[in-house]
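Student: I am new to this one. Could we look at it together, one question at a time?

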Amino acid sequence: MCGISGIVALSARTRISESDVRRMLPALRHRGPDGSGIYLDDPSGRIGLGHTRLSIIDLEGGAQPMANEDQTVWISFNGEIFNYIELREVLLKAGHRFSTHSDTEVIVHAYEQYGDDFVQHLNGQFAIALWDASRQRLLLVRDRVGILPLFYTRQGERLLFASEIKALLPLLSEAPRISPAALDQIFTFWAPRSPHTLFEDIFEVPPGHLLVLENGHLRESVYWDWHFPEQGDYLAGSDAELTGQLYELLADATRIRLRADVPVGAYLSGGLDSSALVALIRRHSEAPLKTFSIGFEDKSLDESAFQQQLVEHLGVDHRRVFCHNRDIAEDFPATVFHAETAILRTAPTPMRRLSGLARASGYKVVLTGEGADEALGGYDLFKEAKIRQFWARNPRSEWRPLLLKALYPYLETAGAQAKTYLRNFYGIGLDHPEQPGFSHLTRWFTTAQCKVFFSPELTAALREDAATGLIDQLPPAFGRWHPFNRAQYLEAKTLLGGYLLCSQGDRMLMANSVEGRFPFLDHRVIEFANRLHSRLKMRALNEKFLLKRAMAAHLPREILERHKQPYRAPDIPAFFSARPPAYVDDLLSEEKLRRYGYFDAKKVGFLLNKARRGSTIAYKDNMALVGILSTQLCHDHFIERFSQTIHEMSETSL
Amino acid sequence: MSIKQTIRRYVLENFLFTDDESALKDDDSFLAGGIIDSTGVLEIMLFVEETFDIKVEDEEMLPENLDSIANLVAFVQRKQAVAA
């Protein structure tokens, strides 16, 4: 993977300077430590492209920015096109001439062959900036689900774009501002809603979108989205046939993701998805496999026993990085710097340690199991929604809500107090189960309770409720999908694209120059899964039904049958089980809270007292504290110390 | 501080994160108002047990005992009277 950047003129009289193009690169060095390059459209000065390279395929020939034979099409590309070998064959037959063996060059020729539809032919993860010099047009494209990032902002008569927001900063005339609407979204969905970012006037290219800049106008189109059967036109076939088809697809999605000119490792959490992935790699690759995992001192979060079982069963060479509470507290500022957004969980921090372990072990590429829960139906939230749907059909039932106990074994269901709680909390929206956000109401409601800490000024600046804004933007077909599919869509559009793949994914991998690859997010797998009836995803309350069947012969029964454990890291205990690092007290001081202005200093003071006493056990307290601290860190990194941060980044040698 | 003042202050500071007395009425339901979730009930029980030296039995986990300032105060007073 790599870092890409660039500047394009929005008016005829604007010219782009080489020094400005170069100024964006140091902030992207961690994404591409193996080399860098720029292209400046000469003599027009209309555009400059930048690139920092992590070399994985065609180590000698893949330097970028890269052009076609007559240098009329230029590209700066971050990612991998996994079907580049097949696509190259097709393009060769169509008469294209190649001068390298890289996947980058395949994109250039695919654009020549197919025009803007070239993206439909790519199977991979990508962020692409493509300049068509003869037509004077720029394309910005991101992969279908948002594995790789791409941000942009308008600066006077110029459009700036880059893989990370931090590369835009050196060209801004002043520090960016944190957007109240984005904070509202983060403290509801855990992430800003695409195309918004934490910062005002800085946007991302949404997953599955193509932006074309031509004649000074920006035109946006959707080339791919998650969609589901509207008229019961689910995939036909027996369970056995569909199981076989899913297995073959997953095997192929894994096989093409093992293509690299460097060794490929894998993350192994001990859960079903990463176990399935490692089993697939072992069956379809001869090479010895190295796997990586995280261990925690809190035994309720640690999955070492399951990891060990898999390691023995599959015969892999396994390494583990142990993550202490104090490591998380000390690493958290760097996590937030890389994530470039406020986050409500510390969980990304150990993921950065994990990519550090992979890198230190000599690995630049890891396969990882994200996406299986979204595509194949694994989340507890999907089960919870299913139970609440079932309950809504007979809201007076005493018995139906007790099914939640199967899902959350710790849930107290005995006694009148607990029953009242069940009814009050999980009964939210029960009178209207057809409403678009029904599946996510409990999570959004709980998370939004953190907004009690917003300052009066921030609250006053909010115009629209975050959830309403999301519902208004749903595709027209949404209401015709099965409720299970609606929940999947909301999950893909909020948590997957907005948090898991970026704050907890790409940014934590790339901080250590490691590329993640996601076989479950191969668009063929998603499209196949989206046409499966929901009973093949969740049979009664048995999640990922078809995936378990597909992997049954290859995994130990304990792994197939274990209760799903969501990945979590210690939140408040990471900071307060011992004396917190100095920055915590500093950024959560009354003075800094008041000056930055986002939170009510007095209320945060009460929360801090509670945290120091060690009595913050509620999810919402943990989310609130981590969210407040990370917002303060973002302000500190990117606003308060704006000039200093730019200066420090520029000291990074290329 | 009276039992009521102690409980009020605890709930205000730890669940509403405020010292504004008007934020909570004595008979406001904790559950209906979303003030307290399942872990919050546990927090409150730990607090009253430690502060007032009483023990909450399983069968006493009822909204009538726990679900508002007024109910909690009456409950603690009853328990203390029995113990005395």
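Tutor: Happy to! Bear in mind that this is a predicted model. Let us start with Ile75(A): setting aside neighbours within four places in sequence, its contacts include Gln64(A), Pro65(A), Met66(A), Thr104(A) and Ile107(A).

Student: Which residues have the most contacts inside the largest nonpolar core?

Tutor: That core has 189 residues. Helix α26 (residues 619-640) of chain A gives the largest share of this core, nine residues. The residues with the most contacts inside the core are Ile75(A), Ile107(A), Ile128(A) and Leu140(A).

Student: What is the order of the strands in the open sheet of six strands?

Tutor: The pairing in this sheet is antiparallel. Its edge strands, β4 (66-67) and β12 (217-222) of chain A, each pair on one side only. Reading across, the order in chain A is β4-β5-β6-β7-β11-β12.

Student: What angle does the direction of helix α3 of chain A make with that of β5(A)?

Tutor: Helix α3 (residues 103-114) of chain A packs on the sheet. There the helix touches β4, β5 (73-81) and β6 of chain A. Its direction and that of β5(A) make an angle of about 125°.

Student: Which element gives the largest share of the side of chain B that touches chain A?

Tutor: In this interface, 18 residues of chain B are in contact with 20 residues of chain A. Elements giving two or more residues to chain B's side are α1 (3-16), α2 (38-52) and α3 (63-66) of chain B. The largest share, five residues, comes from α2(B).

How values were computed: Residues are numbered from 1 along each chain as its sequence is written. Chains are lettered from A and ligands numbered from 1 in the order in which they are written. This is a predicted model: local features need pLDDT of at least 70, side-chain atom pairs count only at pLDDT 80 or more; totals for chains, interfaces and linings use all residues. Two strands pair if DSSP finds at least two bridges between them. Helices (H or I, at least four residues) and strands (E, at least two) are DSSP runs, numbered from the N terminus. Two residues are in contact if their C-beta atoms, placed from the backbone, lie within 7 Å. Axes are lines fitted to C-alpha atoms, for helices over the stretch in contact, and angles run from 0 to 180 degrees between N-to-C directions. A nonpolar core is a set of buried Ala, Val, Leu, Ile, Met, Phe, Trp, Tyr and Cys residues joined through C-beta atoms within 7 Å. A residue is buried if 20 or more other C-beta atoms lie within 10 Å of its own, exposed if 12 or fewer, and partly exposed in between; C-beta atoms are placed from the backbone.
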